[in-house]
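Let's take a friendly walk through this protein, from a single loop residue out to the helices and back to a few unusual backbone spots. Keep the viewer open as you read.

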Amino acid sequence: MLKPCSLSFSILAGLLLTQSVAAQDRTTEQGEAAITDPNVECSIYSWPPVAAAVTGGQFPPIWDPVTEVPANDTEGRAKFLAINGSIPNIAPKGTIAGDFSNFTPTYPATDPDCWWTFHQCVTPKVAGLNPDVASVPEPRTLGYGFDDGPNCSHNAFYDYLSARGQQATMFYIGSNVLDWPLEAQRAVADGHQICVHTWSHRYMTAFSNEAAFGELWYTLKAIKLVTGVTPTCWRSRIERKWRRSEDANVDDVEGQEGRDTDVDPAEPGATREVAIAALCRWMRAAMWPPYGDVDDRIRYIAAQLGLETIIWKYDSFDWMVGLNGITEQDVQANYQALIANVSAGTFDTVGAIMLTHELNNFTMQTAMDNYPALVQAFDHVVPIAVALNQTTPYVETNYTFLNFDQYTSNHSAATALNGTNNLTDSSGSSGSSSGTSSGSGSGSSGAAVGLRVPTLGVFGMMVLGLAMM
Ligand SMILES: [Zn+2]
């Protein structure tokens with residue numbers, strides 16, 4: 001593998017310039033990360049390790065809800081059977097499409113299952129389960145994270161974060177990871193934290209024990225295959241239909257969610273493959289918008305897989321623009337409300353987590369638009385693992401994060417606000433990662449974090465200009 005940090009500036013500069021005009025490399029993380037045209041980013045490619053695993057029957061059909069952990073998955077099957085007998089005896093709720101209308105009328109008001117969807121319960125009632133992480137312990141700190149990736153056109157967004165030495169926690173959907181493996185690898189290369197966001201992005205409390213286990217298990221396996229790391233955190237879709245009365249008709253209009261059109265299927269010049277890929281993603285988003293839910297049964301299954309449940313207290317509603325009357329101005333107002341809470345002292349003792357998405361160009365652009373204000377308002381903006389002082393965020397202990405004090409002392413406010421555009425700044429803005437990941441699919445190491453920083457100076461504005469449609 002290329003070790004770019006050992007290259008001299010002149011060689012590196014030459015390499016970068018060459019990359020800008022050479023044919024696109026769709027075979028490596030670095031090559032994929034250098035692509036600046038969202039049409040190219042989102043055209044389908046095949047990565048051999050994923051193709052082999054899928055052909056070999058190692059995964060459920062991509063984007064289909066998991067139904068079983070079959071006998072040919074001996075490891076998964078054994079693991080499931082080992083815990084199945086101890087899973088809390090809580091019946092599945094509603095449907096995996098998110099219809100709880102036949103369930104909630106008879107569900108006790110006491111919320112015996114600690115069903116977050118019902119009353120935002122975060123303190124389990126089943127003994128032995130840890131409370132959900134809904135805030136971060138560090139005062140005036142934002143635990144920064146994004147759901148639903150990896151998005152195929154995220155290069156401009158990830159370039160933006162890299163240029164500012166900023167890492168975040170990325171909640172990845174297993175099916176997206178297998179669709180866009182090189183994009184998932186970029187998260188590790190850039191020093192972001194990866195957490196699990198289920199296999200098919202359906203409603204977790206509706207699944208059987210085995211299916212719920214599979215939704216998490218196969219996402220863990222996909223992330224391990226592709227990036228070499230095994231996450232220790234997860235987040236479910238959050239269904240708000242029952243949380244806010246004004247959202248009661250959300251499901252009636254969710255089919256209108258068409259914002260996942262990073263590449264407009266009808267855009268002139270789009271290749272047939274790009275158009276098909278974009279259409280497929282649009283259809284997925286339309287059918288399965290980013291809600292979610294969790295109860296003690298699902299928490300238990302997740303905990304048995306070593307997954308800490310991460311939730312939030314603030315919602316940007318960025319995914320919901322165009323639905324139920326939510327506008328772009330509403331999303332901006334939600335960001336402003338979070339920022340106003342910092343000034344008001346809301347986070348003077350405990351920091352914040354806000355729900356934001358890598359779902360489409362609007363959500364990513366809005367994140368970039370608001371990043372400077374977040375950095376100025378909060379004392380610190382850090383990945384959730386860093387805010388929790390979790391220095392080994394993966395099962396693989398050879399991959400470590402900086403602790404909170406190290407991360408924040410290494411994180412230049414000037415860099416965060418202005419970005420970097422020369423090589424000399426790269427050392428000061430390197431990410432929180434160190435060490436390497438060792439899986440079969442890993443083409444990345446902590447050292448790569450610093451590399452992509454100077455590339456923004458060369459390509460960054462072009463990337464942003466191209467991608468911000
Ligand atoms: Zn989601």
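In which loop is the place of Ile311? This is a predicted model, and in it Ile311 sits in the loop between β5 (308–309) and β6 (314–315). Is Ile311 buried or exposed? Ile311 has 20 other C-beta atoms within 10 Å, and 20 or more is what it takes to count as buried, so Ile311 is buried. If neighbours within four places in sequence are left aside, the contacts of Ile311 are Trp116, Val122, Asp132, Val133, Ala134 and Arg235. Met354 is 43 residues from Ile311 along the chain, and the C-alpha atoms of the two are separated by 8.8 Å.

**The overall picture**

Stepping back, the protein has 469 residues, of which 55% count as buried. Its secondary structure comprises 19 helices and 10 strands. How many of the contacts between residues at least 6 apart in sequence join residues at least 24 apart? The share is 79%.

The largest nonpolar core holds 106 residues, and Leu216 and Ile223 have the most contacts inside it. Helix α10 gives the most to this core, with 11 residues. Not counting residues up to four places away in sequence, Leu216 touches Val196, Thr198, Trp234, Ile301, Ala302, Leu305 and Leu307.

**Helix α10 and its partners**

Helix α10 covers residues 209–227 and packs against helix α13, residues 296–304. Their axes are 10 Å apart and the angle is about 50°. An angle of about 50° falls outside the ranges for roughly parallel, roughly antiparallel and roughly perpendicular, and therefore α10 and α13 are oblique to each other. The crossing of α10 past α13 is right-handed. On the α10 side the contact is made by Asn209, Ala212, Phe213 and Leu216, and on the α13 side by Ile298, Ile301 and Ala302. Sorted by class, these residues are 6 nonpolar, 1 polar and none charged. Two of the α13 residues in this contact, Ile301 and Ala302, also appear among the residues that Leu216 touches.

Helix α9 (residues 181–189) also meets α10: the axes come within 9 Å and cross at roughly 80°. The range from 65 to 115 degrees counts as roughly perpendicular, so α9 is roughly perpendicular to α10. Pro181, Ala184, Gln185 and Val188 of α9 make this contact with Ile223, Val226 and Thr227 of α10. Here the residues divide into 5 nonpolar, 2 polar and no charged. Ile223, which belongs to this contact, was named above with Leu216 for having the most contacts inside the largest nonpolar core.

**A covered helix and its surroundings**

How many residues of helix α7 (residues 155–163) are buried? The count is 9 of its 9 residues. They include the aromatic residues Phe157, Tyr158 and Tyr160, along with Asn155 and Asp159. In the loop between β1 (141–149) and α7 you will find Pro150. Gly149 and Pro150 are joined by a cis peptide bond, with omega about -5°. After α7 comes Gly165, which has a positive phi near 65°.

**Less usual backbone angles**

As background, most residues other than glycine have a negative phi, and most peptide bonds are trans. With that in mind, here are two residues to look up.

| Residue | Phi | Loop | C-beta atoms within 10 Å |
|---|---|---|---|
| Phe317 | about 60° | between β6 and α14 (328–343) | 21 other C-beta atoms |
| Asn389 | near 60° | between α16 and β9 | 16 other C-beta atoms |

Why does Phe317 count as buried? With 21 other C-beta atoms within 10 Å, Phe317 reaches the cut-off of 20 or more. Asn389 has 16, which lies between the limits for exposed and buried, so Asn389 is partly exposed.

The loop between α16 (384–387) and β9 (399–401) also contains Glu396. Because Glu396 has 18 C-beta neighbours inside 10 Å, Glu396 counts as partly exposed. Pro231 and Glu396 are 165 residues apart in sequence, while their C-alpha atoms are 8.9 Å apart in space.

Key:
Residues numbered from 1 in each chain as written. Predicted model: local features only at pLDDT ≥ 70, side-chain atom pairs only at ≥ 80, totals over all residues. Helix = DSSP H or I, 4+ residues; strand = E, 2+ residues; numbered from the N terminus. Buried ≥ 20, exposed ≤ 12 C-beta atoms within 10 Å, placed from the backbone. Contact = placed C-beta atoms within 7 Å. Axes fitted to C-alpha atoms, helices over the stretch in contact; angles between N-to-C directions. Parallel < 35°, antiparallel > 145°, perpendicular 65-115°, else oblique. Left-handed = near helix turned anticlockwise from the far one by under 90°. Nonpolar A, V, L, I, M, F, W, Y, C, P; charged D, E, K, R; others polar. Core = buried A, V, L, I, M, F, W, Y, C linked by C-beta atoms within 7 Å.
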